[in-house]
Amino acid sequence: MGMHVGNAAAMWASKGPDSVRGDDYLLAEHDTGARVILVGGAARAAEVLALAPRRTLIVEDAFGILGAHEPGTLRMPIMVRRPGRVVAAASRVRVEEVRDEAGLAAAERVIVDGFPLPAHQPWRRGGAMPADVLGRPGWRVWLGRCDGDGEPAAAAYTFDDGTAVGVYWLATLPEHRSKGAGRAVLTTALAAAPDRHFTLIATEAGLPLYESAGFAVAGTSVWHTRPPLEG
């Protein structure tokens, strides 16, 4: 669990250079709201829920500080994969590491519409993933294209904090689901660092894929959404 929490906090700190470290939490404000990652069990609920009062706030709580069954909560498993060889399944999807802005825009659109990410819809270039992520240490973006026509089908990004590699926003467009596109992207990302631990938070739909790729549940993250407190 701690491996994922540390990775998520480091990723959000990298994403938002103005992020703030508090008592056992990290706060990162962004264009569509604010994110808090609780990084220790001593965080104070009242203080955390008062942060970024003018923004919609999402709090990732792996310590049970804010309560697990209150309104506005979502429970998801934290998963970890130990280092090891990756066996890629046969697929008609060609996966590439994104290295230019055109590829990043294609990956971003797949993520926004495939996940989906309502806060970034309708998709606009750079809204969810600004172009400079390609130059940030630890970041790698992956895009799967259909082997026949080259159309974007699935995408994700990974973040290496020096301890583990986090997998984020793995998504497949609806018209390309059940064709192995998400698995192709995931296994390509895993194969790029077979000697590293990987971690992620799984949606219910993604859980079988991650388990089959060697991930195991290591804890639970409860996401709390708090609306703006001020107009």
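**Notes on the fold around S10 and its neighbours**

1. Let's start in the middle of things: Val80 sits opposite Thr199 in strand S10. That pair belongs to an antiparallel arrangement in which 4 bridges join S5 to S10. Arg81 also has a partner in S10, namely Phe198. Before going further, keep in mind that this is a predicted model.

2. Phe198 faces a second strand as well, since Val165 stands opposite Phe198 in S10. Here the pairing is between S9 and S10, with 2 bridges and a parallel run. So which way do the S10 side chains go? Phe198 and Leu200 point one way, Thr199 and Ile201 point the other way, and all of them are buried.

3. Now zoom out to the whole sheet. It is an open one with 11 strands and mixed pairing, and reading across you get S1-S2-S3-S4-S11-S5-S10-S9-S8-S7-S6. The edges are strand S1 (20-22) and strand S6 (93-97), each of which pairs on one side only. On average, and ignoring direction, neighbouring strands of the sheet are turned by 25° against each other.

4. Helix H1 (residues 2-15) packs on this sheet. Its contacts take in S1, strand S2 (25-30), S3, S4, strand S5 (73-81), S7, S8, S9 and strand S10 (198-201). The direction of H1 makes about 75° with that of S9.

5. Two more strand pairs are worth a look on screen. S5 and strand S11 (residues 216-226) run antiparallel and are joined by 8 bridges; within that pairing, find Ile78, which stands opposite Gly219 in S11. Strand S3 (residues 33-38) and strand S4 (residues 57-61), by contrast, run parallel, with 4 bridges between them. Ala34 has Leu57 as its bridge partner in S4.

6. Is there any empty space inside, and how many cavities of 30 Å³ or more does the structure hold? The count is 1, and the volume of the largest cavity is about 40 Å³. Its lining consists of His4, Val5, Ala8, Ile37, Glu60, Asp61, Ala62, Ile78, Ile201 and Ser221. H1 and S4 each put at least two residues into that lining, and H1 gives the most, with 3 residues. Two names from earlier points turn up here: Ile78, and Ile201 of S10, are both among the lining residues.

7. Next, helix H3 (residues 101-114). It has 14 residues and spans 19 Å from first C-alpha to last, close to the 20 Å expected at 1.5 Å a residue. Most of H3 is covered, with 10 of its 14 residues buried. Those buried residues are Gly103, Leu104, Ala105, Ala106, Ala107, Glu108, Val110, Ile111, Val112 and Gly114. If you tend to expect charged side chains on the outside, note that Glu108 is on the buried list. What do the buried residues of H3 pack against? They pack against strand S7 (139-146), strand S8 (152-160) and strand S9 (165-172).

8. Helix H4 (residues 181-191) is mostly covered too: 8 of its 11 residues are buried. The buried set is Ala181, Gly182, Ala184, Val185, Leu186, Thr187, Ala189 and Leu190. Hold on to Leu186, as this residue comes back in the next point.

9. Tyr210 lies in helix H5 (residues 207-212). Buried or exposed? Tyr210 has a relative accessible area of 7%, and therefore counts as buried, the cut-off being under 20%. Leaving aside residues up to four places away in sequence, Tyr210 touches Met79, Leu170, Leu186, Leu200, Ala202 and Phe215. Leu186 is one of the buried H4 residues, and Leu200 is one of the buried S10 residues. Asp23, on the other hand, is 187 residues from Tyr210 along the chain, and their C-alpha atoms are separated by 32 Å.

10. Last, a residue from a loop. Arg136 is found between H3 and S7. Why call Arg136 buried? Because its relative accessible area is 15%, and anything under 20% is classed that way. Arg136 touches Ser14, Lys15 and Pro130, again not counting residues up to four places away in sequence.

Notes. Residues are numbered from 1 along each chain as its sequence is written. This is a predicted model: local features need pLDDT of at least 70, side-chain atom pairs count only at pLDDT 80 or more; totals for chains, interfaces and linings use all residues. Side-chain values use heavy atoms; hydrogens and water are left out. Buried means under 20% relative accessible area, exposed over 50%, partly exposed in between (1.4 Å probe, protein chains only). Contact means heavy atoms within 4.5 Å. The expected span of a helix is 1.5 Å times one less than its number of residues. Two strands pair if DSSP finds at least two bridges between them. Axes are lines fitted to C-alpha atoms, for helices over the stretch in contact, and angles run from 0 to 180 degrees between N-to-C directions. On a 1 Å grid over the protein atoms alone, a cavity is a set of points where a 1.4 Å probe fits but cannot get out, and a pocket is an open set with protein on both sides within 12 Å along at least five of seven lines; lining residues have an atom within 4 Å of a point. Grid points are joined across faces, edges and corners, and a volume is the space filled by probe spheres set on the points.
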